[in-house]
Amino acid sequence: MELPRYETLLVDADAGVLTVTLNRPDVLNAVNEQLSADLLDALRLAEREPAVRCLVLTGAGRGFCSGQDLRDRAGVGEVAYGESLRRRYNPIVLRLRTMEKPVIAAVNGVAAGAGCNLALAADLRVASDRATFIEVFARIGLIPDSGGTYHLPRLVGLAKAFELAYTAEPVDAAEALRIGLVNRVVPHDDLMPATLALARRLAEGPTRGYGLTKRGFNFALGATLEATLAYEADLQTIAGRTADHREGVTAFFEKRPPRFEGR
Ligand code: T3D
């Protein structure tokens with residue numbers, strides 16, 4: 001697979017895993033116009049390229065992502081936040097949530113504002129023991145955007161979501177694990193080896209089945225039990241027609257591990 005070169009991202013593909021590294025370390029990978037455009041392009045690539053069976057998102061340097069680049073917001077009069085969110089951030093969050101492949105955030109350091117909420121939009125979060133999460137918006141009089149009002153209460157419950165949004169205080173990695181904000185915490189130096197081991201395992205999995213699972217969870221988060229049961233039956237009809245399903249059943253009877261091809 002030919003990988004594009006980006007001004008603000010590093011991209012690497014190996015063993016079915018596309019690793020996208022936000023690469024503006026001097027500003028803790030703050031999101032400027034170029035980075036949001038580059039990231040959306042990389043997500044489109046991950047979505048359409050069959051060789052990519054798992055996406056990892058991480059940051060260069062000591063930060064994961066510090067949210068919107070505030071240098072583009074200071075002293076410029078009224079900012080068209082709604083326009084910026086609709087054009088730049090919302091499509092990124094939607095791609096992460098609807099891409100029918102596993103998405104893992106490897107949170108290497110501080111994740112603040114939209115940077116925190118990008119991590120929350122991933123399917124799984126592996127955090128370095130140096131990671132912190134800050135719903136920083138209240139410090140500058142804004143609301144948790146980029147999916148924050150949606151994902152935060154669903155992950156940690158409404159009471160904790162209010163606390164994190166109102167106080168805008170940092171949550172360290174151990175607390176993030178305790179409250180369900182992340183899946184795993186690992187020593188800092190193990191972050192990428194541990195994340196890539198998980199990503200490679202998922203990249204060898206039944207990619208169509210994973211994608212349909214994600215579609216099912218997305219649907220169920222806003223649906224009744226009756227509607228969800230009906231939707232599960234539709235999704236299982238599709239999953240049941242995949243080569244990976246046939247391979248899984250065959251492998252079971254042949255008493256060997258399945259060799260999934262993602263189709
Ligand atoms: O379109 C739209 O605007 C709507 C979307 C909005 C979404 C949002 O994300 S709004 C929230 C924006 N982000 C923030 O408010 C966070 C700002 N940053 C911080 O509060 C702190 O930097 C952190 C808590 C993230 C980390 O603190 P610390 O002490 O570890 O690092 P630092 O010294 O503050 O930052 C290091 C450098 O990065 C520093 O530059 P310098 O002094 O070394 O030249 C700092 O200015 C720069 N930096 C950090 N975050 C940003 C940033 N520069 C521009 N924009 C940033 N967001």
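A polar contact here means a pair of N or O atoms within 3.5 Å, and that is the cut-off to keep in mind for the close-ups below. Everything shown comes from a predicted model.

**Close-up 1. Backbone atoms of Gln68, Leu70 and Ala114 sit at polar-contact distance from the ligand.** An oxygen atom of the ligand has a backbone N or O atom of Ala114 at 2.9 Å. The protein covers 67% of the 1,000 Å² of accessible area that the ligand has on its own. On the nitrogen side of things, a backbone N or O atom of Gln68 is 2.8 Å from a nitrogen atom of the ligand, and a polar backbone atom of Leu70 is 2.9 Å from a ligand nitrogen.

**Close-up 2. A shell of 25 residues surrounds the ligand.** The ones that come nearest are Gln68, Leu70, Arg73, Ser84 and Ala114. Which element gives the most to this shell? That's α2, with 5 residues. Both α2 (81-98) and β6 (110-112) chip in at least two residues each. By residue type, the shell around the ligand splits into 14 nonpolar, 5 polar and 6 charged.

**Close-up 3. Arg256 has side-chain polar contacts with two glutamates, Glu247 and Glu254.** Look for Arg256 in the segment after α10 (243-253). The side chain of Arg256 meets the side chain of Glu247 at 2.7 Å, and the polar contact between the side chains of Arg256 and Glu254 is also listed at 2.7 Å. Setting aside neighbours within four places in sequence, Arg256 touches Glu247, Thr250 and Ala251. For a sense of scale, 14 Å separates the C-alpha atoms of Arg256 and His245, which are 11 residues apart along the chain.

**Close-up 4. The largest pocket has a volume of about 450 Å³.** Its lining is made up of 20 residues, and Arg97, Ala122, Asp123, Leu124 and Phe217 lie nearest the centre of the pocket. Elements that give two or more residues to this lining are β7 (124-128), α4 (148-156) and α8 (207-220).

**Close-up 5. Who lines the largest pocket, by element and by residue type?** Helix α8 takes the largest share of the lining, with 4 residues. Sorted by type, the lining of the largest pocket comes out as 10 nonpolar, 4 polar and 6 charged residues.

Methods: Residues numbered from 1 in each chain as written. Predicted model: local features only at pLDDT ≥ 70, side-chain atom pairs only at ≥ 80, totals over all residues. Heavy atoms only, no water. Near = heavy atom within 4 Å. Polar contact = N/O pair within 3.5 Å; in protein donor to acceptor, adjacent residues only side chain to side chain. Areas by Shrake-Rupley, 256 points an atom, 1.4 Å probe, with all protein chains shown as cover. Nonpolar A, V, L, I, M, F, W, Y, C, P; charged D, E, K, R; others polar. Contact = heavy atoms within 4.5 Å. 1 Å grid on protein atoms, 1.4 Å probe; cavity = no way out; pocket = protein on both sides within 12 Å on 5 of 7 lines; lining within 4 Å. Points joined across faces, edges and corners; volume = space filled by probe spheres on them.
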